[in-house]
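User: Please show me how to read a ligand site and a salt bridge in a structure that is new to me.

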Amino acid sequence: MCNNIMQIIKADNYRQLAILGANIIADQVKNKPNSILGLATGSSPVGIYEKLVELYQKEHLDFSQVQTVNLDEYCSLSPSNPQSYHYFMEQHLFRHLNIQKENTHIPNGLEADPQKACDDYNQLLESLGSVDLQLLGIGHNGHIGFNEPGEEFTNQTHCVDLSPITIAANARFFEDESLVPRKAYTMGIKSILHAEKILLIAAGEDKAEILKKALQGPITPQVPASILQLHKQVIVLCDQGAYSKLEESL
Ligand code: GLP
């Protein structure tokens with residue numbers, strides 16, 4: 001019954017992590033040009049996106065048939081707001097590639113009716129089918145996407161109240177902590193687990209403790225990323241700092 005594969009790759013530093021991560025995504029796109037990629041925001045994937053842009057520019061990695069679905073978006077931020085995840089994806093990736101705008105999908109932060117925003121995204125995910133490769137970062141409290149620690153794992157796209165720890169961590173992207181939206185739309189755990197393959201990235205010593213809990217601790221909704229232990233194919237790509245507390249037996 002238990003035939004899940006978790007592969008842990010330790011990069012020497014963030015630069016190497018970025019190259020390895022971009023190569024994994026590039027191989028996916030080369031092997032299946034119409035791949036559905038699940039994409040993430042935050043600072044961890046930035047270097048990977050830079051390398052993917054390089055691969056597009058120097059080696060003509062072709063994104064013309066690729067579809068993307070992003071994990072999450074802040075409620076109430078418009079795509080033109082520099083702190084929105086729409087803006088982030090445009091700046092760091094989409095505008096540099098030959099990806100078709102209509103093939104990129106992100107929850108609609110401006111939809112005021114949370115039920116509709118979530119239903120629309122769930123419908124979209126269902127119509128696309130399985131994500132081939134899902135890129136994930138990890139929050140300091142173990143969140144994936146914006147699935148915050150809680151009493152249970154939440155299945156599908158939903159509207160979350162961001163936890164104080166997430167608001168504080170993400171305040172660095174805003175002028176002031178008071179400007180960080182208190183709510184976000186996020187893909188649910190079940191939708192994330194539906195991906196064929198997951199690439200979890202973690203960089204820096206400040207992620208070491210939570211990475212250990214997620215990969216080697218009990219599976220609990222208090223550490224949302226711990227559910228990845230049940231997924232059939234996870235690649236964990238981390239730098240030395242994030243790796244530092246993992247037990248070697250893995
Ligand atoms: C945000 C995003 C997550 C991301 C997390 C970690 O909260 N919603 O998808 O994984 O931040 O971000 P960072 O990589 O900046 O530590």
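Analyst: The ligand site comes next, followed by the salt bridges. This is a predicted model, where local features need pLDDT of at least 70, side-chain atom pairs count only at pLDDT 80 or more, and totals for chains, interfaces and linings use all residues. Residues are numbered from 1 along each chain as its sequence is written, and side-chain values use heavy atoms, with hydrogens and water left out.

User: Which residues come nearest to the ligand?

Analyst: A residue is near a molecule if one of its heavy atoms lies within 4 Å of it. Here 14 residues surround the ligand, and Ser43, Ser44, Asp72, Arg172 and Lys207 come nearest.

User: How far is a side-chain N or O atom of Ser43 from an oxygen atom of the ligand?

Analyst: A polar contact is a pair of N or O atoms within 3.5 Å. For Ser43 the distance to a ligand oxygen is 2.7 Å, and a side-chain N or O atom of Lys207 is 2.6 Å from an oxygen atom of the ligand. Gly145 uses a backbone N or O atom, 3.3 Å from a ligand nitrogen.

User: How many salt bridges are there?

Analyst: Side chains of opposite charge can pair when their charged atoms come close. A salt bridge is a side-chain nitrogen of Lys or Arg within 4 Å of a carboxyl oxygen of Asp or Glu. The count is nine. One of them joins Lys116 and Asp120, with the closest N and O atoms 2.7 Å apart.

User: Why are Lys116 and Asp120 separated by about one helical turn?

Analyst: Because they are four residues apart in helix H4 (residues 114-128); a helix is a DSSP run (H or I, at least four residues), numbered from the N terminus.

Methods. A polar contact is a pair of N or O atoms within 3.5 Å; within protein, one must be able to donate a hydrogen and the other to accept it, and residues adjacent in sequence count only if both atoms are side-chain atoms. Helices (H or I, at least four residues) and strands (E, at least two) are DSSP runs, numbered from the N terminus.
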